[in-house]
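Welcome! Here is a friendly briefing to read alongside the structure, so keep the view open as you go.

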Amino acid sequence: MHRVYNFGAGPAMLPTEVLEQAQKEMLDWHNTGMSVMELGHRGELFKKLAEEIEQDFRELLNIPKNFHVLFLSGGSRTQFAAVPMNLAKDFVNTAYALIGHWSKVAAEEGKLYNDVKIVCDSGAQKYSMIPDQSTWDIPKNAAYLHYVDNETIHGVEFPFVPDSKGLPLVCDMSSNLLSRRIDFSKFALIYACAQKNFGPAGITIVILRDDLLKREAIRQTPSLMRYDLQVKEKSMFNTPPTYDWYLSGLVFKWIKAQGGVIEMEKRAEKRAQVLYDFIDQSNFYKNPVDPRYRSRMDVIFNLPDETRNDEFLKQAKAAGLTNLKGHRVLGGMRAALYNAMPQAGVLALIEFMTDFMKNR
Ligand SMILES: *Cc1c(COP(=O)(O)O)cnc(C)c1O
């Protein structure tokens, strides 16, 4: 069997053990004589499975009882709309921190529903840093403050939880959920699509504080996107992506067996540290991000001569290191180092980068 180190930012690498288990259970899940894909979502079996998955997820992140966990379809972009539709009806504006591509996209979507107040914007710095919090201009009575914890494309990550000055804090953790512990006392709502750090594309987790359900959604909100209805229906207002749900559950079990989120946190730091140290000392590769805000999950870098990018990618692929091409909005290279990436993958990448540099 041939498996590569896949540095793609999403859909991303999954733990081999998880895929093997899914393969083993493909035709006959738990002696049912059926694939889990073939189970009815309202049947006892799937209901029990869903409950167990939620329980594992709650344990991993130590989620307090006053938070609901939803497993929804539509990806994170659907949440860019669902958040303002559900939370902002009776408010004059919403607040967004802009530190990269996804923050901007979220704010643009937010503008369809309310006035958006930009509290900070690192666009002038090409999204290579996070503006100091003392400069953030946070409005008083906004519906919420939205930020993106890890900017998947620009390779910038928050090393702290911003102070929202009393506004409910809403966070897009699409590319780093389950890579570190979370202090839920600081958050009102967190969402993350699965295909970066914990599962296949097609399912998105929303963790929301109970009191937010008191807010009324705007009248045009599709029923499927209403948080109150999805809480009531246990994420089964319509047929949910059952197989993605199951696969995410296998990943949760895998994380537990590896030592939990604390272990994921340690590994993430180690993976990123080794690669950034190598890049900084190489005198060849460059990472443009302020070292204080460098992402542990998405490491971007450039060659001194961009015309050699194709050659770099071709040789990397031949060495079993795939999907290193940076996002089209930024160019250059990107190595996504999510939970499933073993340290050996990072070391193999560094070995390749060393060889490539020597043969310049
Ligand atoms: C990938 C990504 C998104 C978009 O997710 P979809 O599931 O494709 O809608 C949003 N935010 C962040 C931070 C991402 O990395």
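The points below cover the ligand, three helix pairs and two backbone details.

Keep in mind that this is a predicted model. A ligand sits among 14 surrounding residues, and the protein buries 87% of the area that the ligand would expose taken alone. Elsewhere, α1 and α6 cross at roughly 130°, and a cis peptide bond leads from Gly 10 to Pro 11.

**Around the ligand**

- Start with the shell of 14 residues, where Arg 77, Thr 152, Asp 172, Gln 195 and Lys 196 are the closest to the ligand.
- Sorted by character, the shell holds four nonpolar, seven polar and three charged residues.
- Which helix gives the most residues to this shell? Helix α3, spanning residues 75-87, does, with four of them.
- Ser 76 takes part through its backbone: one of its polar backbone atoms is 3.1 Å from an oxygen atom of the ligand.
- Gln 195 uses its side chain instead, placing a polar atom 3.0 Å from a ligand oxygen.
- For Lys 196, a side-chain N or O atom and an oxygen atom of the ligand are 2.6 Å apart.
- How much of the ligand is buried? Taken alone the ligand exposes 380 Å², and the protein buries 87% of that.

**How helices cross**

- A handy idea first: a pair of packed helices is described by two things, the distance between their axes and the angle between those axes.
- Helix α1 (residues 16-24) and helix α6 (residues 242-258) have axes that come within 9 Å and cross at roughly 130°. Angles over 115 and up to 145 degrees count as oblique, so α1 is oblique to α6.
- The handedness of the α1 and α6 crossing is right-handed.
- Helix α6 also meets α2: their axes come within 9 Å, with a crossing angle of roughly 40°. This pair is therefore oblique too.
- Is the crossing of α2 and α6 left-handed or right-handed? For this pair, the crossing is left-handed.
- Further along the chain, look for helix α8 (residues 309-318) and helix α9 (residues 343-358), whose axes come within 11 Å and cross at roughly 135°. That angle makes α8 oblique to α9.
- The crossing of α8 and α9 is right-handed.

**Backbone details in the loops**

- Where is Pro 11? Look in the loop that joins β1 (5-6) to α1.
- The peptide bond running from Gly 10 to Pro 11 is cis, and its omega is near -10°.
- Asn 31 belongs to the loop between α1 and α2 (44-61).
- Although Asn 31 is not a glycine, its phi is positive, at about 60°.

Technical notes:
Residues numbered from 1 in each chain as written. Predicted model: local features only at pLDDT ≥ 70, side-chain atom pairs only at ≥ 80, totals over all residues. Heavy atoms only, no water. Near = heavy atom within 4 Å. Polar contact = N/O pair within 3.5 Å; in protein donor to acceptor, adjacent residues only side chain to side chain. Areas by Shrake-Rupley, 256 points an atom, 1.4 Å probe, with all protein chains shown as cover. Helix = DSSP H or I, 4+ residues; strand = E, 2+ residues; numbered from the N terminus. Nonpolar A, V, L, I, M, F, W, Y, C, P; charged D, E, K, R; others polar. Axes fitted to C-alpha atoms, helices over the stretch in contact; angles between N-to-C directions. Parallel < 35°, antiparallel > 145°, perpendicular 65-115°, else oblique. Left-handed = near helix turned anticlockwise from the far one by under 90°.
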